[in-house]
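Colleague: Could you take me through a single part of this model, slowly and in plain words? I am new to reading structures, so please explain the terms as you go.

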Amino acid sequence: MSDDDPDNRIERVIIIGSGPAGYTAGLYAARALLEPLMFAGYMSGGQLMLTSDVENYPGYPQGIGGPEMMMELREQAERFGLRVEDKNVERIDTTERPFKVYVEGEEFRADALIICTGAEAIWLDAENEEAQKGRGISTCATCDGAFFRDHEIMVVGGGDSAMEEATFLTRFATKVTIVHRREVFRASKVMLERAKQHPKIEIKTFRSVKAWLSDDSGLTGAILEDPRDSSTEELAITGAFIAIGHKPITAFLDGQIETDQEGYILHKEFTMTSVEGVFAAGDVVDTRYRQAVTAAGQGCQAAMDAERWLEDLGL
Ligand code: NAP
């Protein structure tokens with residue numbers, strides 16, 4: 001068999017995941033002539049595909065839509081030779097090199113891996129939540145907001161995501177109530193102020209969701225509890241969006257790469273993980289900044305680290 005035989009091919013770099021970290025790693029690896037292959041996932045583009053306007057990515061004075069930005073990042077990396085497959089990686093095997101990557105029953109091999117799988121939304125797990133998922137309760141305002149035209153909606157959370165989702169939802173809703181479990185907000189001042197000033201938004205602090213109420217028509221309300229004295233109140237709403245943060249997508253690693261207790265991949269040397277030749281970038285690593293621009297920057301670092309590592313080994 002020759003190297004051109006697809007069954008025999010060893011990729012130099014496989015990138016897993018396709019947010020700003022993945023596409024930037026792809027761009028740099030492609031420009032370093034590593035002919036990178038990316039498995040972008042079924043929902044390529046990562047969390048920014050679920051975002052409305054990105055106003056804090058340098059170079060876009062008027063802001064840019066999240067999905068539009070992801071398409072441009074992809075196009076830019078593909079122009080230099082990044083090969084993208086919109087498939088999910090089921091598992092990897094890093095016990096020996098070349099590493100193996102399993103995708104829809106097929107095995108791929110690579111000298112180096114860059115993991116950029118990002119993070120996914122966390123649910124509250126309040127009473128009756130499971131039954132109402134997708135039936136009035138969502139974790140993505142940009143995906144589902146339009147279904148709630150003229151509804152009264154609740155948004156749970158006190159970070160930037162909650163503020164952004166609440167502000168976005170005012171386009172459709174008659175009223176949006178932000179419910180937050182304490183009185184201090186993690187949200188940036190500018191986004192919190194924008195929400196506070198909005199005539200359609202009310203903010204309730206010291207409230208957490210105890211249970212969801214529903215009837216045959218769908219969601220009808222929520223029971224909110226004050227954590228200070230456990231008193232409860234009922235809030236009538238027909239739509240709810242949970243925006244309480246994200247957890248890293250690392251289950252497919254099956255413990256082969258060292259992570260912290262929450263599953264975030266740990267860097268050992270620059271962007272290299274506990275397994276030599278496996279690099280990681282973006283929200284799958286980042287417990288602190290979680291911005292598109294920091295993820296992109298780390299994707300660049302991971303590609304440069306992979307390139308140097310391959311070069312040092314003569315691969
Ligand atoms: P976050 O900043 O971690 O905020 C999560 C919020 O959810 C916190 O207010 C937290 O409350 C609350 N929370 C967590 N678990 C909860 C639970 N079980 N029950 C009730 N409330 C709970 O997450 P995020 O808002 O998703 O933002 C993540 C990162 O993305 C941040 O760095 C943010 O700046 C960035 N981001 C930026 C933009 C933008 O700039 N356009 C938009 C969205 C996100 P406590 O504070 O009490 O822990």
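Modeller: Happily; here is a close look at helix α7 and one of its residues, Asp 305.

This is a predicted model, in which local features need pLDDT of at least 70 and side-chain atom pairs count only at pLDDT 80 or more, while totals for chains, interfaces and linings use all residues. Residues are numbered from 1 along each chain as its sequence is written, and side-chain values use heavy atoms, leaving out hydrogens and water.

Helices here are DSSP runs of H or I with at least four residues, strands are runs of E with at least two, and both are numbered from the N terminus. Helix α7 covers residues 292-312, which makes 21 residues. From first C-alpha to last it reaches 30 Å, close to the 30 Å expected (1.5 Å times one less than the number of residues).

Many residues can be checked for burial, meaning under 20% relative accessible area with a 1.4 Å probe, protein chains only. Among the buried ones in α7 are Ala 292, Cys 300, Asp 305 and Trp 309. The buried residues of α7 pack against β1, α1, α2, β8 and β19.

Now for Asp 305. Leaving aside neighbours within four places in sequence, Asp 305 is in contact (heavy atoms within 4.5 Å) with Phe 270, Thr 271 and Phe 279. Asp 305 has no salt bridge, that is, no side-chain nitrogen of Lys or Arg within 4 Å of a carboxyl oxygen of Asp or Glu. The nearest side chain of opposite charge, Arg 308, is 5.3 Å away.

Just after α7, Gly 314 takes a positive phi of about 70°.

Notes
Buried means under 20% relative accessible area, exposed over 50%, partly exposed in between (1.4 Å probe, protein chains only). Lys and Arg count as positive and Asp and Glu as negative; His and the chain ends are not counted.
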